[in-house]
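Here are a few short exercises to work through with the structure open. Try each task before reading its solution.

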Amino acid sequence: MAFNKVEIDFNGQPLTIETGKMARQADGAVVVTYGETKVLCTVVSQTKMREGQDFFPLTVNYGEKFYAAGKIPGSFFRRERGATERETLICRLIDRPMRPMFPKGYLYETQIIPTVISADKVNDPDTLAMVAASAAVEVSDIPFDGPVGAVRVGRIDGKHIANPTLEQQETSDLDIIMAGTKDAVVMVEGEMDFLSEQEVLDAIFFGHEALQPLIDLQIKLRELVGVTKREFIPAEEDAELAAKVADMASAKMKEAACIKIKQERYAAVDALKTEIKEALAEEYEGREDEVSEQLGKIQKKVVRQMVVNERVRIDGRKEADIRPISCEVEVLPRAHGSSLFTRGETQALAAVALGTSTDEQRMDNVQGMEFKKFMLHYNFPPFCVGETSMRLFPGRREIGHGHLAERSIAKVLPPHEDFPYTIRVVSEVLESNGSSSMATVCSGSMALMQAGVPVTKPLAGIAMGLIKEDDKVAVLSDILGDEDHLGDMDFKVTGSADGITALQMDIKIKGVTKEIMTTALNQAKDGRVHILGEMAKAIDTPADDLSKYAPRITTIRVKPDQVRTVIGTGGKNIRGIIEATGCAIDIEDDGKINIASEDGDAAKAAIKMIRDLTQEAEVGKLYEGTVKKIMEFGAFVEIFSGTDGLVHISELDTTRVKQVTDILNEGDKVLVKCIGVDKQGKIKLSRKEALGQSLPEDE
């Protein structure tokens, strides 16, 4: 393939896409450059399909190479070791808009590998990788209904920005990543600071307009390359078989699809499918997959027609109805906070654990080292849908759902300076029939309040769906799993009654208008307010105190130049305090010290030991000290740990003293008064002025 390169000015700096120089044995390969950030993306699609293949085996493997930023990985092996959470999340961002763009029936194994080969720590490579993935397929011979453009949308001082820099993202009140085609928005994911529905819509459609030049650039590159797409002819449907299956199954399928209880409905649908297959087994021997495919189409058609024509959903609800909700808190006695949230046949158990700085998660990536003080982990065990599985670790779906809930709830957490805990929320999905990630937001919000975490307000989440048949449209609130699978949109929205904190949208069809999105967002707000009302029956404000099992963190401050004193030579002082008290102690360079312990007396002891190390002598104050050294001219007395002063021989008594040892000896306890501190910090003490006095009782 000959070398070709295209370029545009994007948000004030050049963005280029080139092909024909690197990775030329892949079916398609491009390098996208923006600033000094470069993403190489390749795509390869097999030319032979596996026998019996019944789904599209597309894999996306996004990777960030540490050499891209001139770094060596921090792992023991000093090389990249599997996908990080960030890389997994970006894989999902690429997969979701790309997958629907391949022709229906295209079931050849396909692999897209975007690799960050240069990172300037100014421009985030995630949206560049999304553009690179589309461009790589565009310049290949692989059939594709793209191109797809992608952009990040920020907003600073009310002004939208396309692809803001990492520095600009710090001051932006929204962070949306979105993908779209020439005519439609196909994927949106982001977070925002309690923005209104209209503000979110404005950002989405600003983004769709902003990504159009990236689509045009890919088209221009494709035309320069001049590649011919490989021939792909989808298998033709057997009209006679389709008609026969429809005649045999339609009426019974509608009856089965209306069963409200999920497991009973699934059993009835499976029984009907088995019955039809057995009835047609002899006539269509060896074509069981085709029969199954037709039965799936019948099920989809029946459900969709029922919703748009009769305005009745699978479980009998109307479009905007929310399933019955029950909420309970303090269900786990030893967790620091817990709740159980049940909505219909979806149930999430949330548990909160509070820790110290030693529990922070260390994140090593090309952008730099990051320490996470808040984590939300989402678990989806197989029993929650009545299945068995040997999967032992969270997959991409679990990581993605957990991230959505985490970024939603993070918006209401107190600043770490005010609440110096590491916070972990774990959501165990115990039952699932749609919207389990949104149930996680609800249960997580309640568990944090029950834990006594001073969140600013409660949060709830709801998943919206869409069924569009010609000019008939139904926007569905609180969708079931089947409505997600059989519908045209999955639109998750989280927030409070005041605004939106996060959203995630996948659209499976073209032509979702701004009016439809407006309806969905407004309907989501109504549902969110209703859910918050049900949650408030269990808890609506944070508990007054932390769990008795949670560590108590006390924050004190010392002067920055005293930090070295607290730590001691080789850490001797701080280790001694920790060993003596059992407290966890975190010291920051600015003099802030967090002391954590479940034992209040131990925390007080640690504070006293630190104060003893860092306190400074006050002129006129009495101290009980220990004689450390005798000299001819006086005695050195330690008035607190590591700090001593001189009692001159003239200050030992009211009468003249011939020898210091006539009054004091090493190891003696003596009451002294501070009578001065010179410019060098040397402390002058007097026993004479302390005679006849005593320390206050509280000392």
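**Exercise 1: a serine and its surroundings**

In this predicted model, the side chain of serine 339 reaches the backbone oxygen of serine 443 at 2.6 Å. Work out where serine 339 sits and whether it is buried or exposed.

Solution. Start with the secondary structure: serine 339 belongs to strand β13, which spans residues 337-343. Next, check accessibility. Buried means under 20% relative accessible area, and serine 339 comes in at 0%, so it is buried. Finally, look at who surrounds it. Setting aside neighbours within four places in sequence, serine 339 touches Glu328, Val329, Val331, Ala348, Leu349, Ala350, Ser443, Met446 and Ala447. Ser443, the partner from the task, is in that list.

**Exercise 2: two helices that cross**

Classify the packing of helix α7 (residues 262-280) against helix α8 (residues 288-310).

Solution. First get the geometry: the axes lie 10 Å apart and the angle is about 140°. Now apply the cut-offs: over 145 degrees would count as roughly antiparallel, and 65 to 115 as roughly perpendicular. The angle fits neither, and α7 and α8 are therefore oblique to each other. As for handedness, α7 passes α8 in a right-handed crossing. On the α7 side, the contact uses Val269, Lys273, Ile276, Lys277 and Leu280, and these meet Val291, Ser292, Leu295 and Gln299 of α8. Sort those residues by class and you get five nonpolar, two polar and two charged.

**Exercise 3: a second helix pair**

Describe how helix α4 (residues 197-210) and helix α12 (residues 514-536) meet.

Solution. Take the axes first: they come within 10 Å and cross at roughly 145°. The crossing is right-handed. Then list the contact: α4 brings Glu197, Gln198, Val200, Leu201, Asp202, Ile204 and Phe205, while α12 brings Lys514, Met517, Thr518, Leu521, Asn522, Lys525 and Arg528. By class, that makes six nonpolar, three polar and five charged residues.

**Exercise 4: backbone oddities**

Most residues other than glycine have a negative phi, and most peptide bonds are trans. What do you find at phenylalanine 194, glutamate 330 and the bond between glycine 146 and proline 147?

Solution. Take phenylalanine 194 first: its phi is positive, near 55°. Phenylalanine 194 sits in strand β11 (residues 185-195) and is partly exposed at 21% relative accessible area. Glutamate 330 also has a positive phi, about 60°. Glutamate 330 lies in the loop between β12 (325-329) and β13, and at 59% relative accessibility it counts as exposed. Last, the bond joining glycine 146 and proline 147 is cis, with omega about 5°. Proline 147 falls in the loop between α2 (126-138) and β8 (149-156).

Terms used. Residues are numbered from 1 along each chain as its sequence is written. This is a predicted model: local features need pLDDT of at least 70, side-chain atom pairs count only at pLDDT 80 or more; totals for chains, interfaces and linings use all residues. Side-chain values use heavy atoms; hydrogens and water are left out. Helices (H or I, at least four residues) and strands (E, at least two) are DSSP runs, numbered from the N terminus. Buried means under 20% relative accessible area, exposed over 50%, partly exposed in between (1.4 Å probe, protein chains only). A polar contact is a pair of N or O atoms within 3.5 Å; within protein, one must be able to donate a hydrogen and the other to accept it, and residues adjacent in sequence count only if both atoms are side-chain atoms. Contact means heavy atoms within 4.5 Å. Axes are lines fitted to C-alpha atoms, for helices over the stretch in contact, and angles run from 0 to 180 degrees between N-to-C directions. Angles under 35 degrees count as roughly parallel, over 145 as roughly antiparallel, 65 to 115 as roughly perpendicular and the rest as oblique. A crossing is left-handed if the near helix is turned anticlockwise from the far one by less than a right angle, and right-handed if clockwise. Ala, Val, Leu, Ile, Met, Phe, Trp, Tyr, Cys and Pro count as nonpolar, Asp, Glu, Lys and Arg as charged, and the others, Gly among them, as polar.
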